[in-house]
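This report sets out the architecture of two protein chains and the way they meet. The sequence and the coordinates are shown first.

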Amino acid sequence: MSDIARARRFGRINLEIRDDMPMWKQSLAFLAGVAAGLVISVVILLVSGVGLAALLNEFVVFIFTSPKNISGVLVQAGPLIIVGLSAGIAFKARFWNIGIEGQVIFGAIGATLVAINDIGPPSLRLPLMAFFAALGGMMWILLPTILKLRLRINEIISTLLMNYIAFNFLLHLLYGPWQDPVSSFPHSEQFEDFERLAPLGWQSLNTSLLIAVALVIFCFWFMVKSRFGFQLNFVHSNAQMAKALGVRVAALTLTAALISGALSGLAGFAISAGIESRMTQSFFIGYGFSGILIAFLARNNPLGIVAVSILVATLMIAGQSLQVFYQIPFAMVQLIQAIIVICVAASEFFIRHRVRWVE
Amino acid sequence: MDFLINWLANIPGFAVPFALGALGLIICEKSGVLNLGAEGFLLVGAMAGAGAVLTFGGFPLVALGVAALASAALSLIFATLVILLRVNQVISGLTIVFLAQGLTSLIALKQGWTNKAFTGLSSIDLGPLSDIPVIGRIVFSQDLIVYLTVVLFFVSVHMLNKTNAGLRLRAVGENPDAADAAGINVTAYRFVAVLIGALLLGLAGGYLTVVVSKIWVDGLTGGRGWIAIALVIFARWRLWRALAGAVLFGCMEALIPRVAAIGIQVPQYFVLMMPYVVTLAVMVWTSLSRNPATDEPGALGRPFVREERH
């Protein structure tokens, strides 16, 4: 039988590029992707020895019926929203900021520097800590940005290498000059009351959530409404054309990268002053990837970032309790996030292509 | 003198993971697929290698094979994403790294492989050859994989430059549209290139546990995958330059444990930063070089969509 005859008999798969797809269909494909990711994750958890009833209990009942856990999710969502914004604004400028963890570390170092050296009067302490945190994050993204703009060095690798340098510097501080003088443990001394973000009066909620909301509003204005945001969109869709039409692409990239670094630094401040009340060895773990994932799933939209952050925060809180009660490593949370990204990315194929069976 | 011989004799062991990693990456990227998942493939190889030794109670060479196969299995997901589903290659690569971090941590903990020391692959003894002073220790007392790595480089250079399959592979990476028009199956070539690349990366990862550390801990690879990616850029996608770069990094890594031993007082964590600082410095040096000639594949990172062929 010739090839043609065989093709006639069995038909073949034909791919067509779609020009457009209605919004509701796109949302449906997105949700199907998330759902598929969650189903695969549930299967992995079942195989790992967590019962179905226990899963339902941990993820749904436990979290959404207790005010303590709802507030826990919201507290966790604060820094996630901020790193999501950080990744989003950088990606908009086509700058792959993979160095979020390093910038979070240097943000926390900036804040802790102010706190343990008692810089400034107590009433100004928190704003100063935030300022130095933003500065620390910007400092840590500056070198890769300059290297990209001046020498065209790939920022994916340079920002990532900066993470490892920042982490070793953090260990140097915590095992050396900044070791807790009270307990001799490798973490900084505890922050004073006025160096911590104030509680809001309901459960464990504190002002870090308000900071996150303020930053969302700022980024929404900045990325969606302002002139800068318009140019950013332009660069995102076609950098060469933007340049040809007079947009200063390099200046725009520099601005977006510095804001991204500052946001990551502020996330470091929100974690150290809002959750841990000191700088520890591991406070930053997972925020880098989560930031990238949140921005990707939310398509760099500030409001979408809030929604995805709450989902990821739920995963993280449930993951903590799985770790305690079922000996599931916390890396499971990362695994679930990766699976969801893969499924959503795969679902986008069906948004852009039409698969047809041709007889 | 002892210091020097010790140092030189240790270099190949440190260079092999970089060399195999860079080789795998170059083969994969010659087909036009940007592989940022290198760290993930190394991690899976390292964990699978350690797990295989612990499960079989020995047989380190079999364990290295298992390491390569495990990494290749993971690469099927990566290849499906970037080649069949045309997902952004940067996002796919990063996701593979994070997937591997989570997966290795979960499996190793559930199987009880974490922090469990074992006896891995030891160096070969060539009798009289290994006993030659100086040369014997440096050249004739390495483990099998060191020699295999050199062989693999010769084979790969020949395959890429002198065989039909190698030339087609490079054509696919240079200009997939033209390659497709010439009747080359772009999808198949890219799939195979990703698989071979992952096999080599998995072997490199397995080497890290089965031969070097002889223990598995979470995140054992410590960014070596990223350093291998930087090495490929430094080598401008040329195999011999990549091998030279790997040896250079091997020199540096082999030096690190010796710095403190000979009494130089540098804070410990600054010493541990060195590989990453040096990698950055090498990238700067590469980009400042006056000779811009490069073998970077023309279509690196660009998905091939036949329906959009120009």
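The sections below treat each chain in turn, then the contact between the chains and the nonpolar core.

## Basis of the report

The structure is a predicted model. The descriptions below therefore concern computed geometry, with local features restricted to residues with pLDDT of at least 70.

## Overall form of chain A

Chain A contains 14 helices and two strands. Its radius of gyration is 23 Å, close to the 21 Å given by the globule rule for 359 residues, so chain A is as compact as a globular protein of that length. The C-alpha trace of chain A spans about 85 × 60 × 35 Å along its principal axes.

Of the 359 residues of chain A, 48% count as buried. Contacts that link distant parts of the sequence are well represented: among contacts between residues at least 6 apart, 77% join residues at least 24 apart.

## Helix α6 of chain A

Helix α6 of chain A covers residues 122–151, 30 residues in total. From first C-alpha to last it reaches 44 Å, close to the 44 Å expected at 1.5 Å a residue. This helix nevertheless has a kink of about 30° at A:L142, shortly before the proline A:P144. After α6(A) comes A:R152, with a positive phi near 55°.

## Local features of chain A

Helix α4 of chain A (residues 67–92) holds A:A90. Is A:A90 buried or exposed? With 32 other C-beta atoms within 10 Å, A:A90 is buried, because the threshold for burial is 20 or more. Leaving aside neighbours within four places in sequence, A:A90 is in contact with A:F95, A:N97, A:A256, A:A257 and A:S260. A:A90 and A:R150 are 60 residues apart in sequence, and their C-alpha atoms are 18 Å apart in space.

Most residues other than glycine have a negative phi. A:S277, which is not a glycine, has a positive phi near 60°. A:S277 is located in the loop between α11 (249–276) and α12 (287–297) of chain A. With 17 other C-beta atoms within 10 Å, A:S277 is partly exposed.

## Overall form of chain B

The secondary structure of chain B consists of 13 helices and zero strands. The radius of gyration of chain B is 20 Å, close to the 19 Å that the globule rule gives for 310 residues, so chain B is as compact as a globular protein of that length. Its C-alpha trace spans about 60 × 50 × 40 Å along the principal axes.

Burial in chain B amounts to 48% of its 310 residues. Of the contacts in chain B with a separation of 6 or more, 79% are between residues 24 or more positions apart.

## Local features of chain B

Helix α3 of chain B (residues 60–84) has 25 residues and reaches 35 Å from its first C-alpha to its last, close to the 36 Å expected at 1.5 Å a residue. At B:F78, α3(B) bends by about 25°. The helix is followed by B:R86, which has a positive phi near 55°.

A positive phi of about 60° is also found at B:W237, which is not a glycine. B:W237 lies in the loop between α11 and α12 (239–261) of chain B. With 20 other C-beta atoms within 10 Å, B:W237 is buried, because 20 is enough to meet the threshold of 20 or more.

## Contact between the chains

Across the interface, 39 residues of chain B are in contact with 37 residues of chain A. On the side of chain B that touches chain A, the elements giving two or more residues are α4 (89–111), α11 (224–234) and α13 (268–288). The most comes from α4(B), with 14 residues. By class, this side of chain B has 27 nonpolar, eight polar and four charged residues.

## The nonpolar core

The largest nonpolar core has 208 residues, and those with the most contacts inside it are B:A22, B:L231 and B:V232. Helix α10 of chain B (residues 186–213) supplies the largest share of this core, 16 residues.

Which residues are in contact with B:L231, leaving aside its neighbours within four places in sequence? They are B:F18, B:A22, B:A242, B:G245, B:A246 and B:F249. One of these, B:A22, is itself among the residues with the most contacts inside the core.

Note on methods:
Residues numbered from 1 in each chain as written. Chains lettered and ligands numbered in written order. Predicted model: local features only at pLDDT ≥ 70, side-chain atom pairs only at ≥ 80, totals over all residues. Helix = DSSP H or I, 4+ residues; strand = E, 2+ residues; numbered from the N terminus. Expected span 1.5 Å × (residues − 1). Bend = angle between axes of the 7 residues up to and from the residue. Rg over C-alpha atoms; globule rule 2.2 N^0.38 Å. Buried ≥ 20, exposed ≤ 12 C-beta atoms within 10 Å, placed from the backbone. Contact = placed C-beta atoms within 7 Å. Nonpolar A, V, L, I, M, F, W, Y, C, P; charged D, E, K, R; others polar. Core = buried A, V, L, I, M, F, W, Y, C linked by C-beta atoms within 7 Å.
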